[in-house]
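Here is a short report on one protein chain. Please keep the sequence and the model in view while reading.

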Amino acid sequence: QVRVVESGGGLVQPGGSLRLSCAASGSIFSIYTMGWYRQAPGKQRELVATITSGGSTNYKDSVKGRFTISRDNAKNTVHLQMNSLKPEDTAVYYCYADLRPQRGMPISDYWGQGTQVTVSS
């Protein structure tokens, strides 16, 4: 069984910073891309940032220069450092991992339960 668990959300003032963390655990043969999506009230879930196992990154345009995604392959963890936060960054942030649970099984997406980030004065 695979678990994906996020941590680090909370309330922060505009201009502040937060660091989200996500850990994948359980029966894991190999992990490929990991990343973060977010969903604001009344809006569709949107991609925030991704990182491959080789370290290649991709960001949503509106977070470039403010957010940094990183990962520790040995620990199956991914982090999202969020700086210069804006009220429009308020959303539930979801971590995901593309992984193969066991040798020979297909690659599938595994998702966390989400962590709330609120940017407000």
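## Long-range contacts

This is a predicted model. Among contacts in the chain with a separation of 6 or more, 56% come from residues 24 or more positions apart.

One pair illustrates such a separation in sequence. Leu47 and Tyr94 are 47 residues apart along the chain, and their C-alpha atoms are 9.5 Å apart in space.

## Overall build

The chain has 11 strands and 0 helices. Its pattern along the sequence is β-β-β-β-β-β-β-β-β-β-β.

Does the radius of gyration agree with a compact globule, or disagree? A compact globule of 121 residues would have a radius of gyration near 14 Å; the chain has 14 Å, so the two agree. Along the principal axes, the C-alpha trace spans about 50 × 25 × 25 Å.

## Surface and charge

Of the 121 residues, 39% count as buried. The accessible surface of the chain is about 6400 Å². Carbon and sulfur atoms supply 45% of that surface.

The chain carries 13 positive and 8 negative charges. The mean positions of these two sets are 3 Å apart.

## Salt bridges

How many salt bridges does the structure hold? The structure holds 5. One of them pairs Lys60 with Glu46, with 3.3 Å between the closest N and O atoms. This pair links distant parts of the chain, 14 residues apart. Lys60 sits in the loop between strand S6 (57–59) and strand S7 (67–72). Glu46 belongs to strand S5 (residues 46–51). Both ends are partly exposed: Lys60 has a relative accessible area of 26%, and Glu46 has 28%.

Lys64 and Asp61 form another salt bridge, at 3.0 Å from N to O. Asp61 counts as exposed, because its relative accessibility is 61% and the cut-off for exposed is over 50%.

## A buried pair and its network

Arg66 forms a salt bridge with Asp89. The closest N and O atoms are 2.8 Å apart. Arg66 lies in the loop between S6 and S7, and Asp89 in the loop between strand S8 (77–82) and strand S9 (91–100), so the salt bridge ties together parts that are 23 residues apart in sequence.

Are these two partners buried or exposed? Arg66 is buried, with a relative accessible area of 10%. Asp89 is also buried, at 1% relative accessibility. Both values fall within the buried class because the cut-off is under 20%. Salt bridges that share partners join Arg66 and Asp89 with Arg38, Glu46 and Lys60 into one network.

## Leu47 in strand S5

Leu47 lies in strand S5, the strand that also holds Glu46. Leu47 counts as partly exposed, at 28% relative accessibility.

Which residues does Leu47 touch, not counting residues up to four places away in sequence? They are Trp36, Tyr37, Asn58 and Lys60. Lys60 thus appears twice here: Leu47 touches Lys60, and Lys60 forms a salt bridge with Glu46.

Conventions
Residues are numbered from 1 along each chain as its sequence is written. This is a predicted model: local features need pLDDT of at least 70, side-chain atom pairs count only at pLDDT 80 or more; totals for chains, interfaces and linings use all residues. Side-chain values use heavy atoms; hydrogens and water are left out. Helices (H or I, at least four residues) and strands (E, at least two) are DSSP runs, numbered from the N terminus. The radius of gyration is taken over C-alpha atoms; the globule rule is 2.2 Å times the number of residues to the power 0.38. Buried means under 20% relative accessible area, exposed over 50%, partly exposed in between (1.4 Å probe, protein chains only). Contact means heavy atoms within 4.5 Å. Accessible areas come from the Shrake-Rupley method with a 1.4 Å probe; for residues, only the protein chains shown count as cover. Lys and Arg count as positive and Asp and Glu as negative; His and the chain ends are not counted. The place of a charge is taken as NZ of Lys, CZ of Arg, CG of Asp or CD of Glu. A salt bridge is a side-chain nitrogen of Lys or Arg within 4 Å of a carboxyl oxygen of Asp or Glu.
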